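Colleague: I should like to go through the terms used for this structure and hear the reasoning behind each of them. Please set every value against its cut-off.

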Amino acid sequence: MMQGLMMDRPLLISSLLEHAESTHPTSEIVSRRCEGDIHRYQMRDAARRSRQVANLLASLGIEQGDRIATLAWNGYRHFELYFGVSGYGAVLHTINPRLFAEQLVYIINHAEDRYIFVDLTFVPLLEAIQDQISGVEGIIVLCDAGHMPETKLSKVHCYEALLAQQSEQFDWPEFDERSAASMCYTSGTTGNPKGVLYSHRSTVIHAMGSIGEEALGLASTSCFLPVVPMFHVNAWGTPYSAAITGAKQVFPGPGMDGASLWELIDAEQPDLLLGVPTVWLMLLNHMDAIGKKLESVQNVVVGGAAAPYSMIKAFQEKHDAFLIHAWGMTEMSPIGTVNSHNAHMESLPLEQRYQLQLKQGRPIYGVEMKIVDDNHNELPKDGKAYGRLLVRGPWIVSSYYKNDDDSSFIDGWFDTGDVATIDENNYLHIVDRSKDVIKSGGEWISSIDLENAAVGHPDLVECCVIGARHEKWDERPLLLAVRKPGSEVSADDIRDYLTDKIAKWWMPDAILFVDELPHTATGKLLKINLRQQYENYLMEGEPA
Ligand code: AMP
């Protein structure tokens with residue numbers, strides 16, 4: 001084959017920062033800090049301090065490929081570590097603080113983290129497990145000397161004090177773009193979390209692919225508020241996309257509740273918000289309670305779990321904001337599909353548009369997808385056939401870190417574990433996780449669609465649907481619902497509400513009210529225990 005004659009420059013994370021510093025030096029980065037105040041600086045400050053981070057790593061004897069962990073909220077110091085650690089050639093391991101203690105211990109030891117940079121909030125988490133992570137050489141607390149906590153941690157240092165000693169000059173090294181840049185563990189609902197190791201190349205290509213109008217729609221004029229955490233799939237890659245575009249970033253720090261988010265939105269006027277449905281439920285409820293409108297917000301990207309109909313409608317009709325539904329996974333860096341605004345959607349009557357917005361969107365360039373049956377035969381893209389969703393592309397995992405289990409990898413494709421339909425226009429609809437779908441008499445019922453129909457009831461806060469064993473139908477849906485405080489809505493009321501919203505045979509066989517529902521470390525419903533607990537409810541009546 002004749003070779004092209006173009007330069008082969010490596011796609012490195014440091015090149016994103018160099019671009020940002022020279023092209024968007026004054027782009028603003030605003031952060032709510034754990035210390036309680038609001039901090040603001042510019043991209044050129046972030047670049048300068050990232051070089052100090054690199055010098056700090058050198059002074060600690062860190063070598064390329066070593067793992068450096070963070071346990072931190074979304075904030076400017078975390079942003080500096082993203083670029084300083086990866087740019088240096090070390091691997092940034094972002095730890096999800098919501099993992100259970102034993103999972104934290106497991107992933108820190110499995111990744112062999114040498115240092116951990118930790119926000120003040122999470123110091124107690126490390127104090128509780130420090131005896132079990134003896135391989136860690138030091139803990140660096142992300143604050144200045146005046147805020148250093150009293151702590152039982154040994155080998156502890158102050159970030160700002162260390163940084164102040166470092167030179168602001170550092171020449172970013174050049175190396176193979178396929179080198180590891182960062183890692184994130186999946187919050188597995190069964191077994192140990194699995195490590196996904198992103199490369200510089202995959203990160204940069206994902207960032208380039210995710211900024212356009214067909215994806216997140218980021219531009220130099222954008223101001224965005226990523227509520228999606230930097231400790232979970234790199235905040236959907238937005239720190240890197242921000243470096244390309246120079247968009248203003250507003251980091252919420254520990255303030256993920258409705259009131260704190262609104263305060264920041266009101267002060268900074270972002271036009272784009274990004275996060276999982278649960279945080280938007282909190283924000284929408286807060287906005288209802290104070291009777292205010294989100295004036296500056298034009299788009300809200302919702303992913304990580306399905307966006308309910310009621311949320312799409314509430315953002316549009318109460319706040320004049322368009323909900324961009326997106327789907328992805330830790331294993332996909334994470335963006336797979338985005339349901340962006342387009343001319344076709346504009347032409348639809350509102351109700352039809354909402355129905356289309358319920359789908360998770362179309363793949364962005366770089367992601368290929370197909371659905372297959374249990375024998376791996378491809379199924380038609382007709383919007384009706386459903387099967388296991390397989391994907392491939394340059395920012396999709398090819399194997400897990402130090403893990404021989406190759407059951408998710410099939411002929412160069414990654415099996416997502418999701419069940420989906422794909423329609424003629426390549427719109428994806430996630431039916432369910434394959435382990436959550438309810439198999440009723442050979443037909444499948446989507447627990448997600450049922451949950452989202454039910455949660456539209458104004459008296460319900462959250463819903464969870466699981467399959468319970470049934471004598472005749474194998475499995476039937478059982479709905480667990482959390483009522484709003486003070487509400488006395490009954491199971492019959494919910495049934496009436498659902499009647500014209502779902503197929504008749506989807507009606508849950510039992511509707512039970514609970515005080516709260518369990519969640520995974522990434523805020524998703526944790527169904528495994530509930531399934532065990534209610535497995536025999538429809539046969540025997542009482543949960544285990
Ligand atoms: P995680 O790796 O923790 O981000 O989880 C990825 C999984 O979340 C996917 O495999 C889906 O099951 C689910 N998920 C992500 N986005 C959506 C969405 N928009 N609708 C439904 N499920 C989603």
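Modeller: Helices and strands here are DSSP runs, numbered from the N terminus, and a strand needs at least two residues. On that basis, strand β14 spans residues 322–328 and supplies four residues, the largest share of the shell around the ligand. Please keep in mind that this is a predicted model.

Colleague: What makes a residue part of the group around the ligand, and which residues come nearest?

Modeller: A residue counts as near the ligand if one of its heavy atoms lies within 4 Å of it. There are 15 residues around the ligand, and Ala 326, Thr 330, Asp 418, Arg 433 and Lys 524 come nearest. By residue class, the shell divides into five nonpolar, seven polar and three charged residues.

Colleague: Which atoms of Arg 433 and the ligand lie 2.7 Å apart?

Modeller: A polar side-chain atom of Arg 433 and an oxygen atom of the ligand are separated by that 2.7 Å. The cut-off for a polar contact is 3.5 Å between N or O atoms, so the distance of 2.7 Å for Arg 433 satisfies it. In His 325, an N or O atom of the side chain is 3.1 Å from a nitrogen atom of the ligand. Gly 304 uses its backbone instead: an N or O atom there lies 3.0 Å from a ligand nitrogen. As for cover, the protein buries 92% of the 490 Å² that the ligand exposes when taken alone.

Colleague: Why are Arg 48 and Glu 168 said to form a salt bridge?

Modeller: The limit is 4 Å between a side-chain nitrogen of Lys or Arg and a carboxyl oxygen of Asp or Glu. The N to O distance between Arg 48 and Glu 168 is 3.6 Å, so the pair qualifies. This salt bridge links distant parts of the chain, 120 residues apart: Arg 48 is in helix α2, and Glu 168 is in the loop between α6 and β8. A search of the whole structure finds 34 salt bridges.

Colleague: Why are Arg 48 and Glu 168 called partly exposed?

Modeller: Buried means under 20% relative accessible area and exposed means over 50%, with partly exposed in between. Arg 48 has 27% and is therefore partly exposed. Glu 168, at 34%, falls in that range too and is therefore given that term.

Colleague: What makes Arg 362 and Glu 214 a salt bridge, and which parts does the pair tie together?

Modeller: The side chains of Arg 362 and Glu 214 meet at 3.5 Å, N to O, and the limit is 4 Å. Arg 362 lies in strand β16 and Glu 214 in the loop between α7 and β10, so the pair ties together parts that are 148 residues apart in sequence. Both partners are partly exposed, Arg 362 at 25% and Glu 214 at 47%.

Colleague: Where do Arg 495 and Asp 492 lie?

Modeller: Both are in helix α16, three residues apart, about one turn of the helix. Their closest N and O atoms are 2.9 Å apart, and the pair forms a salt bridge. Arg 495 has a relative accessible area of 26%, so it is called partly exposed. Elsewhere, a network of salt bridges links Glu 35, Arg 49, Arg 77, Glu 80 and Glu 160.

Colleague: How do you know whether His 110 is buried or exposed?

Modeller: The value for His 110 is 14%, and buried means under 20%; His 110 therefore counts as buried. This residue lies in helix α4, and its side chain makes a polar contact of 2.8 Å with that of Tyr 185. His 110 also touches Tyr 401 and Lys 402.

Colleague: Why are Gly 195 and Asn 452 given the term buried?

Modeller: Gly 195, in strand β9, has a relative accessible area of 1%, so it is under the 20% cut-off. Its contacts beyond four places in sequence are Cys 184, Tyr 185, Tyr 400 and Tyr 401. Asn 452, in helix α15, has 15% and is therefore buried as well. Asn 452 touches Ala 306, Ala 307 and Pro 308, leaving aside residues up to four places away.

Key: Residues numbered from 1 in each chain as written. Predicted model: local features only at pLDDT ≥ 70, side-chain atom pairs only at ≥ 80, totals over all residues. Heavy atoms only, no water. Polar contact = N/O pair within 3.5 Å; in protein donor to acceptor, adjacent residues only side chain to side chain. Areas by Shrake-Rupley, 256 points an atom, 1.4 Å probe, with all protein chains shown as cover. Nonpolar A, V, L, I, M, F, W, Y, C, P; charged D, E, K, R; others polar. Buried < 20%, exposed > 50% of the residue type's maximum accessible area, 1.4 Å probe, protein only. Contact = heavy atoms within 4.5 Å.
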